[in-house]
Amino acid sequence: MSAQTTTPKQLDLPRAFARALARAPWAGPLVALVLVYGFYAALAPDTFARPEIVVTMLCQTAVVVVAAVGMTLVIVSGGIDLSVGSVVALGTVVVAKALRGGLPLPVAVLAAIAVSIGVGALNGVAIARLKIMPFIVTLGAMSVLRGAAKGLAHEEMIYVDARGLESLLAALPKARAWMLVPPGVWLALGISVAAALVLRSTRFGRHVVAIGSSEPTARLCGVRVDATKIAVYALAGALVGVASVLEFSRLTLGDPTDSVGLELTVIAAVVIGGGSLAGGEGSVFGTVLGALLMTVIRSGNTHLGLRSWVQEMITGAIIVLAVALDGFRRRA
Amino acid sequence: MTAVRDPGAAPLLEIRGVSKRFGATRALSSIDLDVRAGEVHAVLGENGAGKSTLMKVLGGALKPDDGALRLDGAPFTPRDPRQARRAGVAVVHQERALCPHLTVAENVFLGDEPTRGPWLDARAMRTRSAALLTQLAGEARASRTDPSAKVASLPPGDQQLVEIARALAAPSPRVIVFDEPTSTLDAADVARLFEAIRALRARGLAVVYVSHFLEEVRAIADRFTVLRDGAKVAEGEVASSTIDGWVSAMAGRAIEALYPRSARAADPSREVVLEARALAGVRLPRDASFTLRRGEVLGIAGLVGAGRTELLRAIFGLDPIARGALRVLHVEGAARPHARLEAGVGMLSEDRAHEGVALARSIADNVGLSRLPWIVREGAQRAIGQRWIERLGIRAPSVDAPVSALSGGNQQKVALARLLHHDVDVLLLDEPTRGVDVASKATLYGVVDELATRGKAVLLVSSQVPELLGVCDRIAVMARGVLGPARPVSEWTEEAILAEATATATATAA
């Protein structure tokens with residue numbers, strides 16, 4: 001009733017803002033993230049609302065975010081990449097082997113990223129030139145690379161001195177408190193911003209959307225479809241390489257059995273963030289929100305002391321529910 | 001007849017002896033065509049006459065097997081659409097070729113985006129596409145089309161405008177090809193399109209205009225060429241020719257005696273099995289009323305895109321019904337395909353490869369698919385398949401052969417056998433003879449005749465007018481989503497059907 005006393009002019013701005021917000025592809029995930037965080041913070045106010053917990057959650061999300069940004073490009077182009085988990089494991093092994101072999105730190109890091117780019121480019125060539133379905137190509141790559149990681153590591157964990165790499169995602173020492181969050185989180189943020197700009201404001205980014213939206217049209221308009229697809233998978237590979245370095249910094253060892261099933265979390269982040277597996281739709285910002293949402297749910301359930309089997313069931317149900325609700329919102 | 005080559009106006013685009021084959025089909029045989037700067041040149045012909053193939057050759061999407069193209073006197077051999085566009089030949093496609101997730105401006109410049117350093121020049125894209133839209137459609141309409149709006153959110157007429165703007169955004173457009181631009185437009189949009197085309201002509205561009213709508217061609221074109229079965233059969237000035245002359249040139253072939261027809265007579269006392277009153281789908285059809293009785297074959301003529309397939313889909317429950325009344329057998333209103341089949345209605349899709357047959361499965365699997373018992377015994381299914389192979393004379397290595405191994409005509413027999421085995425009372429057949437050889441056609445016509453004799457009811461959609469005249473008891477013509485009155489076949493001629501199908505709907509709110 002009090003709304004009647006408000007003049008229309010006062011209402012206009014919030015309304016226009018609300019409308020713009022409702023149209024944005026990431027609006028749904030943003031609302032969901034706020035609600036879910038609020039829900040857990042209300043249930044466990046003394047632990048969940050503390051800043052250290054937020055920083056911890058950001059650190060836990062960094063690996064997924066970096067890989068999921070690459071996956072966003074792949075999914076927007078109408079593809080999929082199932083090899084992410086295996087490539088991350090391979091990356092940790094490559095870093096560990098390189099460090100143990102006495103190579104300088106930057107070389108070890110670049111080696112992992114280079115391997116990852118190579119894998120992505122090969123996937124892209126098989127998909128674009130040999131016309132094999134992305135699902136099949138990357139399903140094969142998932143198995144091949146898991147095997148490669150195990151072979152390279154002789155089926156063992158590779159323990160090694162991380163030479164400072166561990167500080168990427170570790171709690172900040174007092175001296176560097178000005179950074180607010182550890183450097184790995186800033187890296188993930190920077191990568192996300194850069195990728196969002198590439199997707200939105202470069203010719204390459206628009207061609208990626210065009211291919212996912214209507215590949216025949218893109219071809220007809222002279223878009224170099226094959227080259228663009230290969231570039232998408234190679235770029236996504238580069239980001240998975242960075243994710244594997246972040247993962248190594250958390251593990252501080254090379255583990256060929258690490259990150260099994262990570263690709264599903266990554267794909268879920270993209271899809272919760274508004275990405276469509278049919279291509280053409282998805283935003284980097286939405287993906288970041290989707291990744292955060294899943295961390296909050298996992299972390300919140302742990303704080304509530306739920307058993308892990310309950311947590312798994314809740315996580316699965318929330319993924320399906322989030323995407324279904326978003327579909328309703330858009331059709332409305 | 002005016003001289004085709006006027007020395008005063010050298011052709012901008014010359015097509016000489018262009019031929020194209022697809023497998024055994026001759027899509028184009030040795031076509032000659034000249035298009036001059038500042039003219040609208042119409043290319044006419046029935047479905048399958050080769051118009052779209054010729055346009056694909058022009059636009060660089062297909063390479064001719066033989067012959068040569070020259071643009072402004074220089075050889076024109078585009079490797080792909082991008083090269084054709086760079087050289088100045090841009091195509092506005094029949095199937096809307098837009099990316100629905102991109103904005104208007106992004107679609108206009110897709111593949112040729114202006115950039116500033118690494119970034120897209122979004123402002124230039126917006127202002128230039130707004131300018132192109134204004135130039136095309138005038139201030140008032142262009143202001144309705146926001147360059148930053150997603151293309152998916154635009155009505156069809158505006159989407160068409162975006163496509164034309166894209167053609168004009170080419171570096172230096174010389175020839176613009178319009179392939180069936182008006183089949184999804186309403187009368188007001190058509191009028192605006194024509195203004196835009198006249199403006200292009202006034203700027204000295206050459207326009208190639210492909211259309212079925214003969215009255216529109218009369219209104220917009222300066223010269224015309226008629227194709228039939230891939231060959232040029234007529235050309236001339238629009239002003240010194242008649243629509244009747246074009247129609248006979250388009251239809252010119254002799255009607256073959258391949259329609260077996262027993263002495264059936266329309267019997268108005270028989271049960272009405274299908275009745276539609278002002279039936280409308282979400283987009284198409286817009287208004288369809290008819291009745292179908294037992295023992296009757298009712299033909300639906302019309303152009304591709306007129307809404308005939310959509311009518312059958314709505315009846316069969318594949319698409320929702322927006323308005324109007326429908327009764328099929330004893331079921332009032334809409335029903336799902338499953339319920340339709342249960343009630344005794346079967347549909348044969350025009351898209352054989354995707355909706356007609358399961359290509360990878362055997363004949364036996366296909367024929368029995370819609371009427372499987374709870375426990376499927378392989379032997380029984382194979383016996384059923386064998387029975388239909390014999391009845392319809394399906395030429396197949398064995399009953400276990402995948403349907404993909406059969407010829408088009410035999411695949412279609414398999415698809416029809418599925419309906420026959422289900423023993424439906426009402427058959428909805430959509431282009432049943434498309435891509436089918438003459439011998440198989442005769443078999444299919446024989447089956448339709450036999451069905452009618454046995455008291456089944458058939459609704460037959462076809463773009464082949466002679467086929468409709470040969471097979472049906474009554475025919476109705478659908479144009480732009482509106483179904484005309486059904487009249488006995490004796491009251492129709494081929495010319496009358498073509499004329500009604502190609503009439504421009506002026507009274508849209510009738």
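Here's a quick tour of chain B, plus one pair of helices in chain A. Keep in mind that this is a predicted model. Chain B splits into three parts, called domain 1, domain 2 and domain 3, and its secondary structure adds up to 17 helices and 23 strands.

**How chain B is divided**
- Domain 1 of chain B covers 29-250.
- Domain 2 of chain B is written in two pieces, 272-344 and 424-502.
- Domain 3 of chain B takes in 360-419.
- If you go from the centre of domain 1 of chain B to the centre of domain 3 of chain B, you cover 44 Å, going by C-alpha atoms.

**Overall size and packing of chain B**
- Picture a box of roughly 70 × 45 × 45 Å along the principal axes: that's what the C-alpha atoms of chain B fill.
- The radius of gyration of chain B is 25 Å, which agrees with a compact globule, because one with 510 residues would come out near 24 Å.
- Out of the 510 residues in chain B, 49% are buried.
- Take the contacts in chain B between residues at least 6 apart in sequence: 69% of them link residues at least 24 apart.

**A helix pair in chain A**
- Helix α6 of chain A (residues 105-128) packs with helix α11 of chain A (residues 225-251), and their axes are 7 Å apart.
- How are α6(A) and α11(A) oriented to each other? The angle between them is about 150°, and angles over 145 degrees count as roughly antiparallel, so α6(A) and α11(A) are roughly antiparallel.
- As for handedness, α6(A) and α11(A) make a right-handed crossing.

Terms used: Residues numbered from 1 in each chain as written. Chains lettered and ligands numbered in written order. Predicted model: local features only at pLDDT ≥ 70, side-chain atom pairs only at ≥ 80, totals over all residues. Domains from an automatic or database assignment. Helix = DSSP H or I, 4+ residues; strand = E, 2+ residues; numbered from the N terminus. Rg over C-alpha atoms; globule rule 2.2 N^0.38 Å. Buried ≥ 20, exposed ≤ 12 C-beta atoms within 10 Å, placed from the backbone. Contact = placed C-beta atoms within 7 Å. Axes fitted to C-alpha atoms, helices over the stretch in contact; angles between N-to-C directions. Parallel < 35°, antiparallel > 145°, perpendicular 65-115°, else oblique. Left-handed = near helix turned anticlockwise from the far one by under 90°.
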